[in-house]
Amino acid sequence: MDATQKDLVIVGGGPAGLSAAIYASRSLLDAVTLEREALGGQVILTSEVDNYPGVPHADGYGLTEAMREQAAGLGADIRMEPVDSLERNAETGRFQVRTPSAAYDAAAVIVSAGAQPRKAGFVGEERYAGHGVSYCATCDGMFYRGKQVFVIGGGNSAAEEALFLTRFASKVTVVVRKDHLRAQASVVSELERSEKVELRLMTSIVELGGGELPSSITFRDNATGETHVETYEEGSFGVFVLVGRVPESGLLRGLVELDESGYAVTDERMATTTPGLFVAGDVRRKPLRQIVTAASDGAVAATSVATYLGHPVEG
């Protein structure tokens with residue numbers, strides 16, 4: 001299979017990848033963006049986006065579709081092709097990117113493959129994703145103002161986001177499958193002091209039921225194995241699954257430094273330790289994973305590629 005020569009291959013068509021495609025087009029780079037499943041990534045599962053500057057009350061699909069249209073309008077080449085492999089020729093410094101139907105030979109690569117939220121695995125989780133089940137308190141907390149929320153998870157991120165949710169929710173119930181939280185003692189103490197927080201240890205959610213929105217939760221006592229069902233008014237509560245995220249960093253293994261959780265380590269230019277290989281969005285190590293930070297990463301990565309290829313863009 002003959003490889004198509006490109007200045008840049010962008011792996012991933014979420015907000016980071018689409019932003020990179022926009023900036024690559026404006027830099028007159030010969031680039032192609034490859035997405036394996038659905039343009040927009042995890043964002044398209046979000047029914048309401050209220051924290052993207054200048055675009056209030058958007059939905060995830062509409063927002064990323066506008067990004068796609070903008071990129072395409074600037075001439076971006078966007079293809080639905082899963083990437084099977086990424087390799088670097090040590091002699092030439094160029095990258096070989098292969099999909100099931102094509103091969104690309106690129107001077108630079110931006111990997112913006114994102115990260116998948118780790119699922120809890122209860123019945124109804126997929127059904128209510130984005131409609132009663134959320135994986136990001138920072139993204140969706142405000143939509144549960146005055147409502148009850150259940151937080152699944154006992155680590156630092158779950159505990160911290162549970163505290164964040166007390167700003168909006170009338171009650172926050174933290175559901176932990178073990179007999180203790182793994183979060184730092186100071187955070188646990190803050191949870192225990194909050195009048196809005198209830199801790200349910202040795203407990204798991206096994207099923208979510210209802211109509212268009214959830215109205216019932218089945219809990220299991222992990223000490224006895226017994227289950228019981230609690231019912232609420234439909235749409236009066238939400239479940240936040242905060243048991244970690246899984247970065248889509250498989251293509252990067254052996255090419256860049258990954259942290260203990262598998263996230264790629266970059267500098268502020270989105271550059272990795274491999275010349276010509278850049279990483280943007282949720283797949284890289286960063287303190288905040290939001291649409292706006294992903295878009296920012298993509299813009300920085302593409303302009304860094306332009307500089308790397310000798311076509312610097314003035315800021």
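Helix 4, which spans residues 156-165, packs against helix 5, residues 185-193, at an angle of about 35°, and the axes of these two helices lie 10 Å apart. This geometry, like everything described below, is that of a predicted model rather than an experimental one. The crossing of helix 4 and helix 5 is left-handed. On the side of helix 4 the contact is made by Ala159, Glu160, Ala162 and Leu163, while helix 5 contributes Val187, Glu190 and Leu191. Sorted by class, the residues in this contact are five nonpolar and two charged, with no polar residue taking part.

A second helix pair can be followed in the earlier part of the chain. Helix 1 (residues 15-26) and helix 2 (residues 60-73) pack at an angle of about 20°, with a separation of 9 Å between their axes. Because angles under 35 degrees count as roughly parallel, helix 1 and helix 2 are described as roughly parallel to each other. Their crossing is left-handed. Where the two helices meet, Pro15, Leu18, Ala21, Ile22 and Ser25 of helix 1 come up against Thr64, Met67, Arg68, Gln70 and Ala71 of helix 2. By class, the contact of helix 1 with helix 2 has six nonpolar residues, three polar ones and one charged one.

Beyond helix 1 the chain enters a loop that leads to strand 2 (31-35), and Leu28 is found in this loop. Leu28 is not a glycine, and yet its phi is positive, at about 60°. With a relative accessible area of 76%, Leu28 is exposed, since the cut-off for that term is anything over 50%.

A positive phi also occurs at Met270, another residue other than glycine, where the value is near 70°. Met270 belongs to the loop between strand 16 and strand 17. Its relative accessible area is 3%, and Met270 is therefore buried, the limit for that term being under 20%.

The loop that holds Met270 also holds Thr272, between strand 16 (245-247) and strand 17 (277-279). Thr272 is buried as well, with a relative accessible area of 12%. What does the side chain of Thr272 reach at 3.2 Å? Its partner at that distance is the backbone nitrogen of Thr274. A polar atom of the Thr272 side chain also lies 2.8 Å from the backbone oxygen of Leu277. When residues up to four places away in sequence are left out, Thr272 touches Val256, Val265, Thr266, Leu277, Phe278 and Val279.

Several of these partners reappear around Val111, a residue of strand 6 (residues 103-111). Leaving out residues up to four places away in sequence, Val111 touches Val11, Leu86, Leu252, Leu277, Phe278, Val279, Ala280 and Val283; among these, Leu277, Phe278 and Val279 are also touched by Thr272. Ala280 shows how distant parts of the chain come together here, for Val111 and Ala280 are 169 residues apart along the chain, and their C-alpha atoms are separated by 6.3 Å. Val111 itself is buried, with a relative accessible area of 1%.

How values were computed
Residues are numbered from 1 along each chain as its sequence is written. This is a predicted model: local features need pLDDT of at least 70, side-chain atom pairs count only at pLDDT 80 or more; totals for chains, interfaces and linings use all residues. Side-chain values use heavy atoms; hydrogens and water are left out. Helices (H or I, at least four residues) and strands (E, at least two) are DSSP runs, numbered from the N terminus. Buried means under 20% relative accessible area, exposed over 50%, partly exposed in between (1.4 Å probe, protein chains only). A polar contact is a pair of N or O atoms within 3.5 Å; within protein, one must be able to donate a hydrogen and the other to accept it, and residues adjacent in sequence count only if both atoms are side-chain atoms. Contact means heavy atoms within 4.5 Å. Axes are lines fitted to C-alpha atoms, for helices over the stretch in contact, and angles run from 0 to 180 degrees between N-to-C directions. Angles under 35 degrees count as roughly parallel, over 145 as roughly antiparallel, 65 to 115 as roughly perpendicular and the rest as oblique. A crossing is left-handed if the near helix is turned anticlockwise from the far one by less than a right angle, and right-handed if clockwise. Ala, Val, Leu, Ile, Met, Phe, Trp, Tyr, Cys and Pro count as nonpolar, Asp, Glu, Lys and Arg as charged, and the others, Gly among them, as polar.
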